[in-house]
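Biologist: I should like to go through this structure with you. Could you take my questions one topic at a time?

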Amino acid sequence: MKTIMLFISLLIVNAATAQKQVPLPHGMIFGQKPDTVALMPASKLEAFMGKKTRITTAISGKVIKVTKEKGGWFEMDAGSKRVITAHFANAGINLPTALAGRTVIISGIAAKQFIADDLQHMAGDTVNGKKQHKTNTSSDRKVSFEVKGFMIDK
């Protein structure tokens with residue numbers, strides 16, 4: 001009797017642990033449903049922003065990785081080896097790590113992150129002459145995105 005009960009319990013444990021993960025379906029929404037009227041690819045975001053520091057927009061792109069499940073922090077591919085760091089405005093959102101490699105549509109506020117030389121220039125702390133600050137035009141300037149709506153596209 002004990003061997004039968006042991007055998008049945010092993011079968012139940014094996015069946016419970018061997019279940020496959022259900023893939024995330026197309027159209028699954030986190031947060032609000034994104035507005036897709038003026039949708040653009042993530043690779044064109046910086047060019048679209050121009051000299052603006054913040055804009056409200058919707059973009060589509062591929063998720064590189066979910067950095068923090070709680071709060072919905074993730075990185076999105078912006079093309080040309082550039083990365084858009086994104087997080088949800090609502091910190092109560094939890095994203096699954098299975099989103100890596102999936103194409104998503106997000107809407108929210110995109111903002112350019114400034115470097116120290118930019119901040120000094122804006123504050124008027126630049127010096128003329130030999131000690132003048134060089135403007136750092138490095139290509140590693142990042143764009144952050146505060147997500148309000150998120151939908152799995154592909």
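The conversation below goes from the overall fold to individual residues.

Modeller: Please note at the outset that this is a predicted model.

Biologist: Understood. How many helices and strands does the chain have?

Modeller: There are three helices and seven strands. Along the sequence, they follow the pattern α-β-β-α-β-β-β-β-α-β.

Biologist: What share of the residues is buried?

Modeller: Of the 154 residues in the chain, 31% are buried. The chain exposes about 10600 Å², and carbon and sulfur atoms supply 57% of that area.

Biologist: And the contacts between residues with a separation of 6 or more: what share joins residues 24 or more positions apart?

Modeller: Such pairs account for 70% of those contacts.

Biologist: Let us turn to the strands. How do β4 and β5 run?

Modeller: They are antiparallel and are joined by four bridges. Within this pairing, Glu75 stands opposite Thr85 in β5. The two strands form a hairpin with five residues between them, and Gly79 in the turn has a positive phi of about 75°.

Biologist: Which sense does β5 adopt with β7, parallel or antiparallel?

Modeller: β5 pairs with β7, residues 143-152, in the parallel sense, over five bridges. Here Thr85 stands opposite Ser144 in β7. Thr85 therefore has a partner in each of two strands: Glu75 on one side of the pairing list and Ser144 on the other.

Biologist: Which residues of β5 are on its covered face?

Modeller: Ile84, Ala86 and Phe88 form the covered face, whereas Val83, Thr85 and His87 form the uncovered one.

Biologist: Now the interior. How many residues are in the largest nonpolar core?

Modeller: That core has 26 residues, and those with the most contacts inside it are Leu45, Ile59, Phe74, Leu95, Ile106, Phe145 and Phe150. The elements that give two or more residues to this core are α2, β3, β4, β5, β6 and β7. The largest share, five residues, comes from β7.

Biologist: Take Phe145 from that list. Is it buried or exposed?

Modeller: Phe145, in strand β7, is buried, with a relative accessible area of 0%. Not counting residues up to four places away in sequence, Phe145 touches several residues, among them Leu45, Ile59, Ile84, Ala86 and Ile106. The C-alpha atoms of Phe145 and Ile84 are separated by 6.9 Å, although the two residues are 61 residues apart along the chain.

Biologist: What does Leu45 touch?

Modeller: Setting aside residues up to four places away in sequence, Leu45 touches Met40, Ile55, Thr57, Ile59, Ile84, Ala110, Val143 and Phe145.

Biologist: Ser107 caught my eye as well. Where is it found?

Modeller: Ser107 is found in strand β6, residues 103-112. Its relative accessibility is 11%, so it counts as buried, the limit being under 20%.

Biologist: With which residues is Ser107 in contact?

Modeller: Apart from neighbours within four places in sequence, Ser107 is in contact with Pro34, Asp35, Thr57, Ala58, Phe145, Glu146, Val147, Lys148 and Gly149.

Biologist: Changing topic: how many salt bridges are there?

Modeller: The count comes to one salt bridge. It joins the side chains of Arg82 and Glu46, at 2.4 Å from N to O. Arg82 lies in the loop between β4 and β5 and Glu46 lies in helix α2, so the pair ties together parts that are 36 residues apart in sequence.

Biologist: How accessible are those two residues?

Modeller: Arg82 is partly exposed, with a relative accessible area of 26%. Glu46 also counts as partly exposed, at 27% relative accessibility.

Biologist: What about Gly101; where is its place?

Modeller: Gly101 is in the loop between β5 and β6, and it counts as partly exposed at 40% relative accessibility. Leaving aside neighbours within four places in sequence, Gly101 is in contact with Lys62, Val63 and Ile64. The C-alpha atoms of Gly101 and Lys62 are separated by 5.9 Å, with their positions 39 residues apart along the chain taken as the separation.

Biologist: Finally, the surface. Which residues make the nonpolar surface patch of about 410 Å²?

Modeller: Ile4, Phe7, Ile8 and Ile12 make that patch. Ile4 lies in helix α1, residues 2-17.

Note on methods
Residues are numbered from 1 along each chain as its sequence is written. This is a predicted model: local features need pLDDT of at least 70, side-chain atom pairs count only at pLDDT 80 or more; totals for chains, interfaces and linings use all residues. Side-chain values use heavy atoms; hydrogens and water are left out. Buried means under 20% relative accessible area, exposed over 50%, partly exposed in between (1.4 Å probe, protein chains only). Contact means heavy atoms within 4.5 Å. A salt bridge is a side-chain nitrogen of Lys or Arg within 4 Å of a carboxyl oxygen of Asp or Glu. Accessible areas come from the Shrake-Rupley method with a 1.4 Å probe; for residues, only the protein chains shown count as cover. Two strands pair if DSSP finds at least two bridges between them. A nonpolar core is a set of buried Ala, Val, Leu, Ile, Met, Phe, Trp, Tyr and Cys residues joined through side-chain atoms within 4.5 Å. Patches are made of residues with over 30% relative accessible area and no salt bridge: like charges are joined within 9 Å, nonpolar side chains (Val, Leu, Ile, Met, Phe, Trp, Tyr) within 5 Å.
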